[in-house]
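Q: I'd like to learn how to read a fold and a pocket from a model. Can we walk through one together?

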Amino acid sequence: MKISIEKKDQHYSFEAQPGEKLLYAGLKAGFPLPYECATGTCGTCRARVKEGDIEEGWPEAPGKKGLKEDRREFLLCQAYVKEDSDFNNDTCLLGVPSAIKQFREDDLTPVHHQGEVRNWERLNAEVLQFDVVLDSAIQFHAGQFFVIQAPGIEGFRAYSMVNYEHETNTLTFVLKNKKNGAFSKWAFAQANEDGETKEVSLFGPLGRATFHPDEANNLFLVAGGSGIAGLMSILRHADVSGHFDNYSATLLFGVRTVDDVFYLAELNEMVGRYPNQITVHIVFSDHQSLAGHDLDLGRLNPGFGFVHEQALATIEPNLTDTMAYLAGPPPMIDALIRPLILEAKLPANKIRYDKFG
Amino acid sequence: MNWKVACAAGDVAVDSMKRFDVDGVSLMIANVGDGFRAYPPVCPHMEEYLENSGICAGGVLTCDRHLWQWDMKTGEPQGPAEKPLLMYETKEEGGEVLVFIEQELEYEFDDDDD
Ligand SMILES: Cc1cc2nc3c(=O)[nH]c(=O)nc-3n(C[C@H](O)[C@H](O)[C@H](O)COP(=O)(O)OP(=O)(O)OC[C@H]3O[C@@H](n4cnc5c(N)ncnc54)[C@H](O)[C@@H]3O)c2cc1C
Ligand code: FES
Ligand code: FES
């Protein structure tokens, strides 16, 4: 079915396949429609039906809060074309409140992929790492994510890539168990059945919390739990692009307890090669000290309390040559943005974030 | 005349803003140093209440939800912001901030039509 969007003097139109999310259909056609989570939680992709009919999708999507039914508002990332629509003749006209505009010139157009999940690895009791081998090689920017749909589970889930390569057909992800989460349950069940591979559907790459060496910034990285995923990719890209010859990185990685840490060896290895450029703090919210715990942090510094508080204590004010990347639970990010702007005097265009939820 | 008293000039510190209800119309009164500005209470992006999401610093208003920004004096968008702030006319008289309210200003869903 043909989907049209009119904005002032611009007119966009693209095809959406039956069942295909309208956001994905538009992005894939090269139109940078507004979105953040791409999975129904944030509400950023809201749009309005002006003419025609669509299926709204997931009725309980948290991102629907505040949508106005009487204006026929809906979420682009959940809605799709009705299965019974007259595919060749029906059209649908939509209104979108935000501008449809590029982020950077090197924006990558996301595509639908099939992939095979392999190499399940348990990083701790609640965290899994896995690879998805795609049907073709792709490029992505460090900090980006894909949405993944597992067989038999309704809807896509967003996961950020941990690895970085200029071009690759293998994406590495890290997954923090979400209690009673459908995808989490599926993943842990898969990880326990050794060696089996499973087909998944994916769409990506997505997201604008990206690292680009040409932007020439020091990096201030704050992760809550699995938020470390995209930041690992950023550190890796910075590493292979020689960024640390000229710029520094400070990473604060927040976890609850000593049982929740992972990637310590990888971080230690990186700090070992750039001891003057990279500083890593592992911040434990549930401990006041490491006394009595059997954990060797090596070159990494321990911190205690909330990661956002430690982050604010660490950052120097008036940084203009620093980009902050924040990834993890929305409350952590919300708690950081205001003081980063007001106290650290970081310009808002130097803050990039991915809210995981 | 539709000039209405919104608040006392001393109610809002320089480089900050506060929400007031004026005859049933909710608005943000901002002190921009050499005067006051009055905006609708919500962010033009996703109608977040600026009382909660707005950050005033150095004459720039930032909404902490998606980091849209505006020049507080002119309401003009900066950076990723796509729409200007709507503004009511204001004046200061006898230590009070007055706002000219003809009708309540609201942001359109999409700027192209109806
Ligand atoms: C940009 C971004 C990047 C992220 N990166 C990571 C990461 O690298 N590692 C990590 O561990 N977590 C990450 N997350 C969080 C991760 O996406 C959630 O933990 C995950 O969705 C939980 O899925 P679940 O099935 O286990 O839980 P569930 O509670 O079953 O599902 C949660 C999510 O699935 C989707 N969903 C559920 N039901 C439906 C339905 N009926 N129709 C459509 N959609 C539905 C929604 O997006 C919902 O929020 C990220 C989140 C975002 C937004
Ligand atoms: S992008 Fe659709 S709800 Fe977040
Ligand atoms: S709601 Fe204010 S910037 Fe999005």
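A: Sure, starting with chain A, which has 6 helices and 17 strands. Helices (H or I, at least four residues) and strands (E, at least two) are DSSP runs, numbered from the N terminus. The radius of gyration of chain A is 21 Å, close to the 21 Å from the globule rule for 357 residues, so chain A is as compact as a globular protein of that length. That radius is taken over C-alpha atoms, and the rule is 2.2 Å times the number of residues to the power 0.38. This is a predicted model: local features need pLDDT of at least 70, side-chain atom pairs count only at pLDDT 80 or more, and totals for chains, interfaces and linings use all residues. Residues are numbered from 1 along each chain as its sequence is written, chains are lettered from A and ligands numbered from 1 in the order written, and side-chain values use heavy atoms, without hydrogens and water.

Q: Which domains does the assignment give for chain A?

A: Such bounds come from an automatic or database assignment. Here they are domain 1 (2-95), domain 2 (111-206) and domain 3 (213-355).

Q: Where does the second largest pocket lie?

A: Rolling a probe the size of a water molecule over the atoms shows where empty space is left. On a 1 Å grid over the protein atoms alone, a pocket is an open set of points where a 1.4 Å probe fits, with protein on both sides within 12 Å along at least five of seven lines; lining residues have an atom within 4 Å of a point. Domains 1 and 2 of chain A both give residues to this lining, so the pocket lies between them. Its 21 lining residues include P32(A), D107(A), L108(A), P110(A) and R208(A), which lie nearest the centre.
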